[in-house]
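Notebook open, coffee poured. Today I'm going through the ligand site first, then the empty spaces.

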Amino acid sequence: MKSVNYLLFIWIIGIILSDACEAKAQSSINQPVSDRFKPGETWPDSNGNHIQAHGGGIIKIKKSYFWYGEQRGNGLDPKYRYVSCYSSKDLLNWKFRGNVVKMLPPDSLSSNWVLERPKVFYNAATKKYVMYSHVDDRNYKVAQVGIATCDTPDGTFKFVRRFRPLGHESRDIGQFIDDDGTAYLVFEDRPFGFRIARLSDDYMDVEKEMTLVKAHMEGGAIVHYNGLYYSIGSALTGWNANPNKYSTAPSLEGPWSDFKDIAPVKTNTYGSQSTMLIKVVGSKKSTVIFMGDIWKPKTQYDSRYIWMPLEIGDGKLWLPEPRPWKLNIKTGEATILF
Ligand code: DGJ
């Protein structure tokens, strides 16, 4: 009897140990934790898959960041358009929350349609997540924004409507939330330049133009830093990288200064194109991160990212040469490594 009890004991311990080992193995598969940004390299999410959030935008809800972007994991499905959602507490380690848009072309758009550069705003009054995106046909002649909404950050967004903001052509879009919480859309208006316009109170419309910047630029992004507005953007060269530039203004209405290079011209912004500027306000300092896409139109799934902390202040902005770097999300301090 004693030996039967002994065998039973060994067997139970064996089960517990093997469960514990499996759980450990699982957690190391599911949560590879990284301590540094590696611009230009593949960027694994918590499942080990390269992050698919191209032309993206980020919002912060309480202590979590949500990153939305073009899902190109399976190339660009001509029938459906996918928008992915990831979440993170430190802007570095991201969990895939699912594809929040998996949409057929809205109404009369041809099946060869385009949905690019999704940007999500959270409206505290209506408690809705409102997604803007560039909606077009394959020839980029429709030039509209589409709106889709959801009650949660990672649920399925429902398409609401598409239109030209304030009646203007709109291709690449960018989002900007000012320090006072006001939400703006940046949109490229091909015949004229790019515009910055305030959203309506419920974010379901583009309500008031703040400025028309008469510069033909796309990939537009804005940050408000130490009392000055900085806007950046790229030239219009399709998927090919070009020297991105910046301008400054004391208010969104302008006047906007002449555009200057953000990096050595010959590097073509180190092969990337701007999509957003994120300001991390920490206990010790505020760091502004340049978020750029390295497009690979022939191998979409392998398109990469360049995120780097900018040298910014007193009307100057500079993108340092991409190198690994660390961010202390609490203090806001960024350290560029070797
Ligand atoms: C450049 C834009 O920035 C991208 O979003 C995309 O529209 C490509 N052009 C298409 O060529």
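How far does a polar side-chain atom of Asp 172 lie from an oxygen atom of the ligand? I got 2.4 Å for that pair. Note to self: this is a predicted model.

**Ligand site**

I looked up the other side-chain contacts too. For Glu 116, a side-chain N or O atom sits 2.6 Å from a ligand oxygen. For Arg 117, the corresponding distance from a side-chain N or O atom to a ligand oxygen is 2.9 Å. On its own the ligand has 290 Å² of accessible area, and the protein covers 89% of that.

Then I listed who is around the ligand: Glu 116, Arg 117, Tyr 140, Asp 172, Glu 218, Gly 238, Trp 239 and Gln 273. Sorted by class, this shell gives 4 charged, 2 polar and 2 nonpolar residues.

**Largest pocket**

Next I ran down the pockets. The largest one holds about 850 Å³ of space. I count 28 lining residues, and those closest to the pocket centre are Ile 59, Lys 60, Tyr 65, Ile 278 and Lys 279. Strands β1 (54-61), β5 (113-123), β9 (173-177), β13 (218-225) and β17 (273-281) each give two or more residues to this lining. The largest share is from β17, with 6 residues. By class I wrote down 18 nonpolar, 7 charged and 3 polar for the pocket lining.

**Cavities**

How many cavities of 30 Å³ or more turn up in a search of the whole structure? I found 2.

The largest cavity has about 50 Å³ of space. Its lining includes Glu 70, Asp 77, Arg 81 and Leu 115. The class split for that lining is 4 nonpolar, 3 charged and 2 polar.

The second largest cavity comes in at about 40 Å³. Around the second largest cavity I noted Met 103, Leu 115, Met 131, Ser 133, Val 135, Gly 146, Ile 147, Ala 148 and Phe 159. Strands β6 (128-137) and β7 (144-150) are the elements that give two or more residues here. No charged residue is in the lining of the second largest cavity, which divides into 7 nonpolar and 2 polar. Leu 115 is on my list for the largest cavity and on my list for the second largest.

**One arginine**

Last entry: is Arg 195 buried or exposed? I have Arg 195 down as buried, because its relative accessibility is 6% and the cut-off is under 20%. Arg 195 belongs to strand β11 (residues 193-199). Its side chain makes a polar contact of 2.9 Å with the side chain of Glu 209.

Technical notes. Residues are numbered from 1 along each chain as its sequence is written. This is a predicted model: local features need pLDDT of at least 70, side-chain atom pairs count only at pLDDT 80 or more; totals for chains, interfaces and linings use all residues. Side-chain values use heavy atoms; hydrogens and water are left out. A residue is near a molecule or strand if one of its heavy atoms lies within 4 Å of it. A polar contact is a pair of N or O atoms within 3.5 Å; within protein, one must be able to donate a hydrogen and the other to accept it, and residues adjacent in sequence count only if both atoms are side-chain atoms. Accessible areas come from the Shrake-Rupley method with a 1.4 Å probe; for residues, only the protein chains shown count as cover. Ala, Val, Leu, Ile, Met, Phe, Trp, Tyr, Cys and Pro count as nonpolar, Asp, Glu, Lys and Arg as charged, and the others, Gly among them, as polar. On a 1 Å grid over the protein atoms alone, a cavity is a set of points where a 1.4 Å probe fits but cannot get out, and a pocket is an open set with protein on both sides within 12 Å along at least five of seven lines; lining residues have an atom within 4 Å of a point. Grid points are joined across faces, edges and corners, and a volume is the space filled by probe spheres set on the points. Helices (H or I, at least four residues) and strands (E, at least two) are DSSP runs, numbered from the N terminus. Buried means under 20% relative accessible area, exposed over 50%, partly exposed in between (1.4 Å probe, protein chains only).
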